[in-house]
Amino acid sequence: MDWGQAITIIFGVAGFMGIFMFLINKRINSLEKRFDDVNRRLDKIEEDIREIRQLIYKSMVEPTKK
């Protein structure tokens with residue numbers, strides 16, 4: 001094996017690894033966006049639950065205070 005073949009193999013493997021890492025990174029970014037969306041939805045649900053709890057508390061406590 002001469003130097004030309006060795007360099008070709010090295011660059012081929014490096015190119016393959018570069019493409020592989022690019023695709024993995026792209027997939028990770030896609031998953032991060034999905035998790036951010038899910039976190040925003042959960043935050044909204046938590047706010048809604050707090051509001052419902054406050055309304056239930058007001059409806060049960062206010063009539064008994066009078």
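Let me start with one residue: Lys44 has a relative accessibility of 47%, so Lys44 counts as partly exposed. The side chain of Lys44 meets that of Asp48 in a salt bridge, 3.1 Å from N to O. Both residues lie in helix α1, 4 residues apart, about one turn of the helix. Asp48 counts as partly exposed too, because its relative accessibility is 29%.

Before I go on, a reminder that this is a predicted model.

How many salt bridges are there by the rule used here? The count comes to 3. Apart from the pair I just described, Asp37 takes part in a salt bridge with Arg40, at 3.8 Å from N to O, and in another with Arg41, at 3.4 Å. The shared partner joins Asp37, Arg40 and Arg41 into one network. In sequence, Arg40 is 3 residues from Asp37, and Arg41 is 4 residues from Asp37; each spacing is about one turn of the helix. Asp37 is partly exposed, at 28% relative accessibility. Arg40 is exposed, with a relative accessible area of 55%, and Arg41 is exposed, also with 55%.

Now the charges overall. The protein has 12 positive and 10 negative side chains. The centres of the two sets lie 6 Å apart.

Next, the fold. There is 1 helix and there are 0 strands. The radius of gyration is 28 Å, whereas the globule rule gives 11 Å for 66 residues, so the protein is more spread out than a compact globule. Along the principal axes, the C-alpha trace spans about 95 × 10 × 5 Å. One pair illustrates the layout: Val38 and Ile10 are 28 residues apart in sequence, and their C-alpha atoms are 42 Å apart in space. Val38 sits in helix α1, which runs over residues 3-65. Its relative accessibility is 40%, so Val38 counts as partly exposed.

On to the surface. What share of the 66 residues is buried? Buried residues make up 2%. The protein exposes about 6,600 Å², and carbon and sulfur atoms supply 65% of that area.

There is also a nonpolar surface patch of about 930 Å². The residues that make it are Met1, Ile9, Val13, Phe16, Met17, Phe20, Met21, Ile24 and Ile28. Take Met17 as one of them: Met17 is found in helix α1, and at 42% relative accessibility Met17 counts as partly exposed.

To close, the two points I would keep are the 1 helix with 0 strands, and the salt-bridge network of Asp37, Arg40 and Arg41.

Notes. Residues numbered from 1 in each chain as written. Predicted model: local features only at pLDDT ≥ 70, side-chain atom pairs only at ≥ 80, totals over all residues. Heavy atoms only, no water. Rg over C-alpha atoms; globule rule 2.2 N^0.38 Å. Buried < 20%, exposed > 50% of the residue type's maximum accessible area, 1.4 Å probe, protein only. Areas by Shrake-Rupley, 256 points an atom, 1.4 Å probe, with all protein chains shown as cover. Lys, Arg positive; Asp, Glu negative; His and termini not counted. Charge placed at Lys NZ, Arg CZ, Asp CG, Glu CD. Patch = residues over 30% accessible without salt bridge, like charges linked within 9 Å, V, L, I, M, F, W, Y side chains within 5 Å. Salt bridge = Lys/Arg side-chain N within 4 Å of Asp/Glu carboxyl O.
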